[in-house]
Each structure stands twice: as structure tokens, then as C-alpha cells.
Amino acid sequence: MTELPGLRIRGLRVAFDGFTAVDGVDLDVQPGDLRFLIGPNGAGKTTLVDAVTGLVRATGSVEFGGRQLLGRPVHHIARAGIGRTFQTATVFEELTVLQNLDIAAGAGRGAGTLLRRRRSVPEPVTRALDTIGLAELAERPAGVLAHGQKQWLEIGMLLVQDVRLLLLDEPVAGMSQDERDATGALLRQIAEERTVVVIEHDMAFMRSFARSVSVLHAGRVLSEGTVADVQADPRVQEVYLGH
Ligand code: ADP
């Protein structure tokens, strides 16, 4: 596997009609990290991810593997190897799990009918199916999957696109405890080969699985470090963990 790029954000700022949602964020995510981005509602977490993925206009600098991505169009950023999920999983409900993965794998090639013309399933798709634990459900329509399984399928759709940096927005929201544990194990496995950033509200999940944590508050990075570091930080206790 080629060397993973790191993410380097400097002075990132996003304003909506004069309201500054992201207010000068510096953030470094090392290759292979499993970084959790936490903070109270409205702290700017989703807007930060929107800025990195090109969905909102921002100023400052976002470098991925040394290449400046700020101001580049969404498809350019995706092609650089950055992919994301949203809080609500977006899968094609009528298509099978396998077809969903295949369409994602072919997205860059503008192809969605590859399986019909091919006799075998491409190796990255088989691998992703195994990783997300849905091999036995490959031929089922995605619409019948449980909530957690849809989230895993969406993550699988990033894996087959060879995304190197996954940005996941509250991946365990609405999941059962078993699904949360399975998701944590999945993210750890993914972080062996890629870089993962998770926006999260669930503190127990963060404590169990984060390798590093950044706490956002009012559009700024309030605290950063290991789980133990940020939990011991009085500023974090004051704004977030204390209540
Ligand atoms: P978080 O993800 O940490 O909960 P968000 O990034 O969603 O926070 O929101 C940060 C702030 O920016 C909030 O005050 C929110 O209301 C505001 N905001 C987010 N998106 C928009 C938008 N499109 N227009 C105006 N304000 C927005």
C-alpha cells in the first residue's frame, strides 16, 4: 500500500451571513490516525468537515499529502482520496448490497452497470464486503438492512473507492450497543490502512475507540490529545464533559 497522506488544516474559517461557524481552526491528522472530533452541538464539527470536502466556502488552508485542496471542487477533493458519510446513510435501497458497492467502485469511471457485464465480482468489492461484515447479505436489497448495517454499507462504499481519509459524521447515532461495538472494531480495522476522522457525540464510544481527540467549541479547537488528555483538561470539563 502506498504511503498515506496526512491532513493539515491551518486558519480554517467558515462564515454564514456574518456568523463565524469555524473560526480559525488548525488541525493535523496524522496518517493512520483514528481521530475523534467532539464538542457541543453547534461547535462547528460538521461545518469543518463540509469545508474539508468542498461543500462550503472557506478560507485558510487544507492540505492533504501536501496538496492544497481549499477552493477545489468537490469531485477534485474526492479524487484526492477524501470521502465522507452523512448522519443519515444514503444507500440505494432497491439495489442489492453488492450493487451498491459496485456502483460506488465504478463512480469514478462513470459506470453503474459493470456487474451485469462481468462474470466475477472485483476484488476490492469482495474485500469491502468482508470488512463491513455483510458478505452473507450481498444479494439482499439494501432497503432491508438494519440501520447499523446501512451505515456499514455506506462505509464500504468509501472503501471500494479507495478513500484514504474517511470523515464519518456520527456513525453510531441510533445504533444498539452491539452495533456500536462492531462499528468501533470496524473503524479500528480500517485505520490500519487508512486515516479515519469521526465526528461523535457518544462519549462512551469515543473513550473506547479514539486514538486521538480534538475538542471543538464555538468554532475553535479547545483541546487536543489522547482521550485521557482531553478528559483531564478543565476547559473541556467546563464546556462539555462536565455536564
Ligand atoms: P456541529 O456539527 O458541531 O453541531 P455545525 O457545524 O453543524 O455544528 O454548526 C455550527 C454552527 O454553524 C451552528 O451555529 C449552525 O447553526 C451554523 N450553521 C451550520 N450550517 C449553516 C448554514 N448553512 N447556514 C447558516 N448557519 C449554519
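## Helix 7

A residue counts as buried if 20 or more other C-beta atoms lie within 10 Å of its own, and as exposed if 12 or fewer do. In this predicted model, the residues of helix 7 that are buried are Thr183, Leu186, Leu187 and Ile190. These residues sit on the same side of helix 7, because the arc they cover around the axis is only 100°. Gln177, Asp178 and Gln189 are exposed on the other side of helix 7.

The cover over the buried residues of helix 7 includes three strands and two helices by name: strand 3 (34-38), strand 7 (165-169), strand 8 (195-199), helix 6 (147-159) and helix 8 (203-209). Helix 7 itself has 14 residues, 177-190. At 1.5 Å a residue these should span 20 Å, and the C-alpha atoms at the two ends are 20 Å apart, so the expected and the computed lengths agree.

## The shell around the ligand

Which residues surround the ligand? They are Phe16, Phe19, Ala21, Gly39, Asn41, Gly42, Ala43, Gly44, Lys45, Thr46 and Thr47. By type, the shell has four nonpolar residues, six polar residues and one charged residue.

Strand 2 (19-29) and helix 1 (45-52) each give the shell at least two residues. Helix 1 supplies the largest share, three residues.

## Helix 1

Helix 1 is mostly covered, with eight of its eight residues buried. The buried residues are Lys45, Thr46, Thr47, Leu48, Val49, Asp50, Ala51 and Val52. Glycine 54 comes just after helix 1 and has a positive phi of about 85°.

## The nonpolar core

In soluble globular proteins, nonpolar side chains tend to be buried together. The largest nonpolar core in this model has 69 residues. Leu101 and Leu153 are the residues with the most contacts inside this core. The largest share of the core, six residues, comes from helix 6.

What does leucine 101 touch, leaving out residues up to four places away in sequence? Its contacts are Val125, Ala128, Leu129, Gly156, Met157 and Val160.

## Serine 223

Serine 223 is found in strand 10 (residues 220-225). Serine 223 is buried, because 22 other C-beta atoms lie within 10 Å and the cut-off for a buried residue is 20 or more.

Not counting residues up to four places away in sequence, serine 223 touches Val215, Val230, Asp233, Arg235 and Val236. Serine 61 is 162 residues from serine 223 along the chain, and the C-alpha atoms of the two are separated by 20 Å.

## Two positive phi values outside glycine

Most residues other than glycine have a negative phi. Glutamate 170 has a positive phi, near 50°, and is a residue other than glycine. This glutamate lies in the loop between strand 7 and helix 7. Is glutamate 170 buried or exposed? Glutamate 170 counts as buried, because it has 20 C-beta neighbours inside 10 Å.

Alanine 218 also has a positive phi, of about 50°, although it is not a glycine. Alanine 218 is in the loop between strand 9 (212-217) and strand 10. With 15 other C-beta atoms within 10 Å, alanine 218 is partly exposed, because that label covers counts between the cut-offs for buried and exposed.

Definitions and conventions: Residues are numbered from 1 along each chain as its sequence is written. This is a predicted model: local features need pLDDT of at least 70, side-chain atom pairs count only at pLDDT 80 or more; totals for chains, interfaces and linings use all residues. A residue is near a molecule or strand if its C-beta atom, placed from the backbone, lies within 6 Å of it. Helices (H or I, at least four residues) and strands (E, at least two) are DSSP runs, numbered from the N terminus. Ala, Val, Leu, Ile, Met, Phe, Trp, Tyr, Cys and Pro count as nonpolar, Asp, Glu, Lys and Arg as charged, and the others, Gly among them, as polar. The expected span of a helix is 1.5 Å times one less than its number of residues. The arc is that of the directions from the helix axis to the C-beta atoms. Two residues are in contact if their C-beta atoms, placed from the backbone, lie within 7 Å. A nonpolar core is a set of buried Ala, Val, Leu, Ile, Met, Phe, Trp, Tyr and Cys residues joined through C-beta atoms within 7 Å.
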